[in-house]
Amino acid sequence: MERTILWGFLLIGIVLMIFSLRKAPIKESITIFLLTAYFSTFIGVIVERNKMVEYPVRNLQNYFETSILYEYLLLPVVCIYFYKSTYNSRYPSIILQCALYTSVLTIIEVLLERYTNLVKYNTWTWMHTFVSLFSLILFVRILMQLINRKDSSH
């Protein structure tokens with residue numbers, strides 16, 4: 001069952017990525033994708049090395065200890081959609097939407113941890129997931145705002 005879920009997530013991730021890159025500006029989408037993948041990988045390795053969370057069934061498990069599907073595809077794509085949905089929003093709305101996106105991702109992870117062998121919490125909890133995702137997604141959003149401000153000043 002876990003392999004089927006992983007294949008389903010891969011398919012969903014690819015389809016969502018294709019649709020997210022079809023809309024302009026593609027430069028921003030690619031930047032968000034790469035920044036999110038970079039920072040989530042950094043955080044994921046620290047969390048996994050400290051055995052806070054494990055991924056018993058994962059893609060390329062002979063090469064990676066973390067969930068590369070999540071860190072390199074799914075989360076970056078979600079961040080693109082978050083950025084685009086908050087592009088013209090004010091800060092209170094950005095915070096609220098970030099909490100909503102983070103809540104959905106956290107609920108999905110909790111369900112996967114409870115009912116599958118894809119995620120296993122050791123010292124990790126759903127609150128760690130919520131806080132780390134919220135912080136990461138908001139950080140990338142603010143970083144993109146700073147990058148865009150710098151670009152427009154030239």
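1. Helix H4, to start with. In this predicted model, H4 runs over residues 91-115. H4 holds 25 residues, and its first and last C-alpha atoms lie 36 Å apart, close to the 36 Å expected at 1.5 Å a residue. Its buried residues are Ile94, Gln97, Cys98, Thr102, Leu105, Thr106, Glu109, Val110 and Leu112. As background for reading that list, an α-helix has 3.6 residues a turn, so residues three or four places apart point the same way.

2. How far to trust it. The protein chain has a mean pLDDT of 89, with 92% of its residues at 70 or more. Among the elements, H4 comes out with the highest mean value, 95, while strand E1 (residues 53-54) has the lowest, 85.

3. Tyr91, also in H4. Tyr91 has its place in this helix, but don't look for it among the buried residues: at 47% relative accessibility it counts as partly exposed. Its side chain makes a polar contact of 3.1 Å with the side chain of Gln145.

4. Helix H3. This one covers residues 68-85, 18 residues in total, and spans 25 Å from first to last C-alpha, close to the 26 Å expected at 1.5 Å a residue. There is a bend of about 30° at Leu74, and a proline, Pro76, follows within four residues. Of the 18 residues in H3, 13 are buried, so the helix is largely enclosed by the rest of the structure.

5. The cysteines. How many disulfides does the model have? The count comes to zero. Take Cys79: its closest cysteine sulfur is the one in Cys98, 8.2 Å away, and since a disulfide needs the two sulfur atoms within 2.5 Å, that is too far for a bond. Looking from the other side, Cys98 has its closest cysteine sulfur in Cys79, again at 8.2 Å and too far for a bond. Both residues are buried, Cys79 at 3% relative accessibility and Cys98 at 0%.

6. Ile137, which touches both cysteines. Ile137 sits in helix H5 and is buried, with a relative accessible area of 1%. Leaving aside neighbours within four places in sequence, Ile137 is in contact with Cys79 and Cys98, along with Leu75, Phe82, Thr102 and Leu105. If you want a distance to check along the chain, the C-alpha atoms of Ile137 and Trp126 are 16 Å apart, with their positions eleven residues apart in numbering.

7. Ile32, another contact of Cys79. Ile32 lies in helix H2 and counts as buried at 1% relative accessibility. Not counting residues up to four places away in sequence, Ile32 touches Pro76, Cys79, Ile80, Tyr83, Val140 and Met144. The Val140 pairing is a good one to pull up on screen: the two residues are 108 apart along the chain, yet their C-alpha atoms are separated by 6.9 Å.

8. Ser40, also in H2. This helix takes in residues 26-49, with Ser40 among them. Is Ser40 buried or exposed? It is buried, with a relative accessible area of 6%. A polar atom of its side chain lies 3.3 Å from the backbone oxygen of Ala37. Beyond residues up to four places away in sequence, Ser40 touches Glu71, Leu75 and Leu136.

9. Thr129 and its polar partners. Thr129 is found in H5, which covers residues 126-152, and it is buried with a relative accessible area of 3%. Which side chains does it pair with? One polar contact, at 2.4 Å, goes to the side chain of Glu109. Another, at 2.6 Å, joins Thr129 to the side chain of Trp124. Setting aside residues up to four places away in sequence, Thr129 touches Thr106, Glu109, Tyr121 and Trp124. From the H4 list, Thr106 and Glu109 are buried as well.

10. A backbone oddity. Lys51 has a positive phi of about 55° although it is not a glycine. Lys51 is found in the loop between H2 and E1, and with a relative accessible area of 47% it counts as partly exposed.

Note on methods: Residues are numbered from 1 along each chain as its sequence is written. This is a predicted model: local features need pLDDT of at least 70, side-chain atom pairs count only at pLDDT 80 or more; totals for chains, interfaces and linings use all residues. Side-chain values use heavy atoms; hydrogens and water are left out. Helices (H or I, at least four residues) and strands (E, at least two) are DSSP runs, numbered from the N terminus. The expected span of a helix is 1.5 Å times one less than its number of residues. The bend at a residue is the angle between axes fitted to the seven residues ending there and the seven starting there. Buried means under 20% relative accessible area, exposed over 50%, partly exposed in between (1.4 Å probe, protein chains only). A polar contact is a pair of N or O atoms within 3.5 Å; within protein, one must be able to donate a hydrogen and the other to accept it, and residues adjacent in sequence count only if both atoms are side-chain atoms. Contact means heavy atoms within 4.5 Å. pLDDT is the predictor's confidence in each residue, from 0 to 100.
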